Amino acid sequence: MKLKRRELEISYDDTGGSQTALLLIHGFPLDRTLWSAQTSALSDVSRVIAPDLRGFGESPLPRGAVTMDTYADDLHDLLDALRIPRVVVAGLSMGGYIAFAFYRKYASSVRALILADTRSMPDSPEVKKGRDDSAALVRDKGAAAVAEKMFPKMLTPQTITAHAEVANAVRTLMSRQPAEGVIAALIALRDRPDSTPTLAQVVVPTLIVVGAEDTLTPPKDSEQMRDGIRGAQLAVIPNAAHLSNLEQPEAFNQAVRKFLKTL
Ligand code: MLT
């Protein structure tokens with residue numbers, strides 16, 4: 001499905017139809033198909049909305065700079081068009097950074113938060129420099145070069161060796177993202193604010209999920225978020241790295257399903 005508003009065009013999946021609505025925000029450099037194992041499996045417990053962020057998947061990149069707030073505004077426009085006043089906001093990695101931005105701007109639209117394989121801290125100076133290097137690499141060699149660099153951190157070594165079909169699907173998903181969208185996101189990632197002060201402001205039920213073997217946003221970052229958000233629960237998914245929802249969909253879905261039932 002497609003939302004068109006002024007210069008904005010957002011492609012999204014919309015499945016299920018219960019009272020609760022779940023918004024799934026993908027990470028970098030990915031698109032809404034990251035959530036394929038969630039959109040169908042969770043549609044019996046909630047309406048599931050999975051958009052392509054601007055510049056990713058089938059959503060084009062309008063002119064102008066992009067920040068985490070830009071993505072959050074787009075998602076708010078989408079929910080507004082769909083007449084969904086309150087939603088469970090779930091974001092993986094960059095999706096989590098966007099979930100924090102969304103919460104800061106639109107707290108009254110948030111029924112609950114799910115923060116998967118993400119962190120509240122901003123980039124260190126070294127990581128910021130790495131974002132600039134990656135943007136230069138994309139300009140030079142295309143998005144696939146950055147995808148190749150990041151790929152080994154997305155899944156566990158066991159999955160990469162024993163499940164070539166999963167590894168190939170993730171590689172393809174990462175390398176097909178449009179270069180201009182990837183560059184815009186790298187700048188938004190580099191310049192994102194510190195969301196650590198936001199932790200104490202969260203007053204909605206929060207579930208934090210992390211792959212036990214996530215090295216990009218390791219479990220200690222999740223523990224820090226759990227300790228900072230009042231009443232937050234943490235689910236650590238065994239045999240999963242950064243894309244815990246894709247690598248261990250059953251365990252991930254079970255944690256989300258259990259959480260949604262408590263709302
Ligand atoms: C992501 O998965 O969205 C990215 O790895 C986030 C990041 O690089 O900080």
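This passage describes the overall build of a predicted protein model and then some of its local features.

The protein chain holds 12 helices and 8 strands. Its radius of gyration is 17 Å, close to the 18 Å that the globule rule gives for 263 residues, so the chain is as compact as a globular protein of that length. Along the principal axes, the C-alpha trace spans about 45 × 45 × 35 Å. Of the 263 residues, 53% are buried. Contacts that link distant parts of the sequence are counted next. Among contacts with a separation of 6 or more, 76% join residues 24 or more positions apart.

The surface and the charges were also examined. The protein chain exposes about 11,100 Å². Carbon and sulfur atoms supply 52% of that area. The chain carries 31 positive and 31 negative charges. The mean positions of these two sets are 4 Å apart.

Helix α5 covers residues 143-150. Its buried residues are A143, V146, A147 and M150. Seen down the axis of α5, these residues fall within an arc of 105°, so they line one face of the helix. An α-helix has 3.6 residues a turn, so residues three or four places apart point the same way. The cover over the buried residues of α5 includes three other helices: α4 (125-141), α7 (164-175) and α8 (179-190).

Beyond α5, the chain enters a loop that leads to α6 (157-162), and T156 lies in this loop. T156 has a relative accessible area of 2% and is buried, because buried means under 20%. Neighbours within four places in sequence aside, T156 is in contact with E213, N239, A240, A241 and E247.

A second threonine, T198, sits in helix α9 (residues 196-199). T198 is buried too, with a relative accessible area of 2%. With neighbours within four places in sequence again left out, T198 is in contact with F100, Y103 and R104.

E7 belongs to the loop between β1 (2-5) and β2 (8-15). At a relative accessible area of 52%, E7 is exposed, because the cut-off for exposed is over 50%. E7 still has partners from elsewhere in the chain. Not counting residues up to four places away in sequence, E7 touches R54 and P62. E7 and R63 are 56 residues apart in sequence, and their C-alpha atoms are 8.5 Å apart in space.

The backbone was then examined for less common geometry. Most residues other than glycine have a negative phi, and most peptide bonds are trans. The peptide bond from F28 to P29 is cis, with omega near -10°. P29 lies in the loop between β3 (21-25) and α1 (36-39).

Positive phi values occur at R83 and at D117, and neither residue is glycine. For R83, phi is near 55°. R83 is found in the loop between α2 (68-81) and β5 (87-92). With 76% relative accessibility, R83 counts as exposed. For D117, phi is near 45°. D117 is found in the loop between β6 (110-116) and α4. D117 has a relative accessible area of 0% and is buried. The two loop residues thus fall on opposite sides of the accessibility cut-offs, because buried means under 20% and exposed over 50%.

Terms used
Residues are numbered from 1 along each chain as its sequence is written. This is a predicted model: local features need pLDDT of at least 70, side-chain atom pairs count only at pLDDT 80 or more; totals for chains, interfaces and linings use all residues. Side-chain values use heavy atoms; hydrogens and water are left out. Helices (H or I, at least four residues) and strands (E, at least two) are DSSP runs, numbered from the N terminus. The radius of gyration is taken over C-alpha atoms; the globule rule is 2.2 Å times the number of residues to the power 0.38. Buried means under 20% relative accessible area, exposed over 50%, partly exposed in between (1.4 Å probe, protein chains only). Contact means heavy atoms within 4.5 Å. Accessible areas come from the Shrake-Rupley method with a 1.4 Å probe; for residues, only the protein chains shown count as cover. Lys and Arg count as positive and Asp and Glu as negative; His and the chain ends are not counted. The place of a charge is taken as NZ of Lys, CZ of Arg, CG of Asp or CD of Glu. The arc is that of the directions from the helix axis to the C-beta atoms.
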